[in-house]
Structures are given as structure tokens and as C-alpha cells.
Amino acid sequence: MALASRLLSRSRQLYAGQAILQHGHATSVRSYAKEAAPTNLPPLKGDEMLKSIFYEVKNKFEIALGVLKKEKITIDPDDPAAISQYAKVMKTIREKADLFSESQRIKYNIEQRTQGIPDARTYLLTLQEIRIKNGLRDDLGAESMMMEALEKVEKEIKKPLLRSDKKNMSLLLAEFDKINKKLGIRKEDLPKYEEELELKLAKADLQELKKDAVEAMETQLKREEFKDEEMVDVKSLDIRNFL
């Protein structure tokens, strides 16, 4: 059960939020965050709210366990087939438990951080802060290109660009389209970029799971009663046996 708990807690696809602008994260420079869907539930207070949160988390956890009891996961971060299968299992959990995909989480995080920012410059600087805070790289130099595009537009209109200024925002978005084209980012390719991201996260999760499993077995073998035992190959472990 401990190994299964590690799997659930290690899955950043389920429980973590990361930011934007890394090419592998499939976020074009024109993508502005969509508003989070409003809830249809009545407002809750005090104990009712805590109870609601508890049952929601409990339900999602049980759904995840239910999927893990059925699906075979091979802890082998060097095997593309194992990585693909793990990513598939995590996607199944997300869909059944109604959780965000990584791209949806990225958009949601951006929306929360940038809500109410009136001008385009502060908005772009906030995106940069989000990226840096989450330890992401801008290997393509998209940020500097976006800021140059903004400066070009503001020089042309001779004033700071407000996000509510639809006419002049369209000028900036047109510049962003040029950047996307230059970087080779196409809207129709976004599903492919998202899939690549999920595979990268799946590999990272399997690497962490392998590390945890090896450390756990090494600790166990140090105990006197297990001194004559040999460490098993992590790839041979079947998490379903620990649930």
C-alpha cells in the first residue's frame, strides 16, 4: 500500500500545477487563459464546506485506486512502452475523476494569477514570474519576442496597451501569430505537444517511483531478518499486489 500511495502522491499529472511558455508545454504565445467554469453548487459554509471537500477528495482518491487496481504499471522509466502505459493510466484516472489535464491546469493557474491585470505589459511580466517560480525554461526565447512585439505596438499607438483595448490588442495578437509561425508553433499541433508533455511527466514520475522503490527495498534489506534476501528488479513489481 505504501508504494501505491507514493504513486498517487508522485503523480504530478494529478496533483501538481506548472506554468507556461516551455515549448514542450504546448502553450502558444497567443493562448490566453480561459475562465474557470463556474460551479453550479450553492455556497457552503464552515463544516459543510469542509465535509464537501473531504468527500470530493475521498471520491477522487477511490476512483484513482479503482483504476490502479485494474491497470498494470511497469516501473521502468527507460522503456517507452512502460512510459506510454503509465501516461495512459494517468489519463484514465483524470477522465474518470474529472481532474484537469496538465494543459488545463496551466491555463487555470494563469487565469488565477492574472485575473484583474489591466495592461498587457504587467500580464506578460506575470507570465514570466510564473515560469521562473516553477523552474521552467524559455529555451525558444519566446518571452523576449513577446515583449519586443508589445514594445512595437505601444510605440505605434503611443501609449501603454490595455487588455480591454480590443482594437490594439488585435495588433499584438497579430504579432504573436508571427512569433508562433517563426517558432513553428501551430494551433493544430497543440494536441501533439500536450501528448509529448504527458509522456515527459510520465517518465519523470516513473523515475521518482523507481527511486522510491529502490530506497524502500534497500532500507528493508538492512534489517537483520532480511539480510539473506536479494533485492528484486523494480520492473518485476506489480503495484496491484500492494493495494
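In this predicted model, Phe100 has a relative accessibility of 34% and therefore counts as partly exposed, given that this class covers the range between the 20% limit for buried and the 50% limit for exposed residues. Tyr108, at 30% relative accessibility, likewise counts as partly exposed. A search of the whole structure for aromatic pairs returns 2. In one of them, the rings of Phe100 and Tyr108 have centres 5.4 Å apart, and because their planes stand at 50° the pair is classed as tilted, a term applied to planes that are neither under 30 degrees nor over 60 degrees apart. A further pair is formed by Phe54 and Tyr55, where the ring centres are 5.4 Å apart and the planes are at 70°, so that the arrangement is edge-to-face. Within this pair, Tyr55 is exposed, because its relative accessible area of 51% lies over the 50% cut-off.

Turning to the pockets, the second largest pocket holds about 300 Å³ of space. Its lining comprises 14 residues, among which Lys91, Arg94, Glu194, Glu195 and Glu198 lie nearest the centre of the pocket. The elements contributing two or more residues to this lining are helix H4, spanning residues 80–97, and helix H9, spanning residues 190–221. Helix H4 supplies the largest share of the lining, amounting to 6 residues. When the lining of the second largest pocket is sorted by class, 7 residues are charged, 4 are nonpolar and 3 are polar.

Technical notes: Residues are numbered from 1 along each chain as its sequence is written. This is a predicted model: local features need pLDDT of at least 70, side-chain atom pairs count only at pLDDT 80 or more; totals for chains, interfaces and linings use all residues. Side-chain values use heavy atoms; hydrogens and water are left out. On a 1 Å grid over the protein atoms alone, a cavity is a set of points where a 1.4 Å probe fits but cannot get out, and a pocket is an open set with protein on both sides within 12 Å along at least five of seven lines; lining residues have an atom within 4 Å of a point. Grid points are joined across faces, edges and corners, and a volume is the space filled by probe spheres set on the points. Helices (H or I, at least four residues) and strands (E, at least two) are DSSP runs, numbered from the N terminus. Ala, Val, Leu, Ile, Met, Phe, Trp, Tyr, Cys and Pro count as nonpolar, Asp, Glu, Lys and Arg as charged, and the others, Gly among them, as polar. Rings of Phe, Tyr and Trp (its six-membered ring) pair if their centres lie within 6.5 Å; planes under 30 degrees apart count as stacked, over 60 as edge-to-face and the rest as tilted. Buried means under 20% relative accessible area, exposed over 50%, partly exposed in between (1.4 Å probe, protein chains only).
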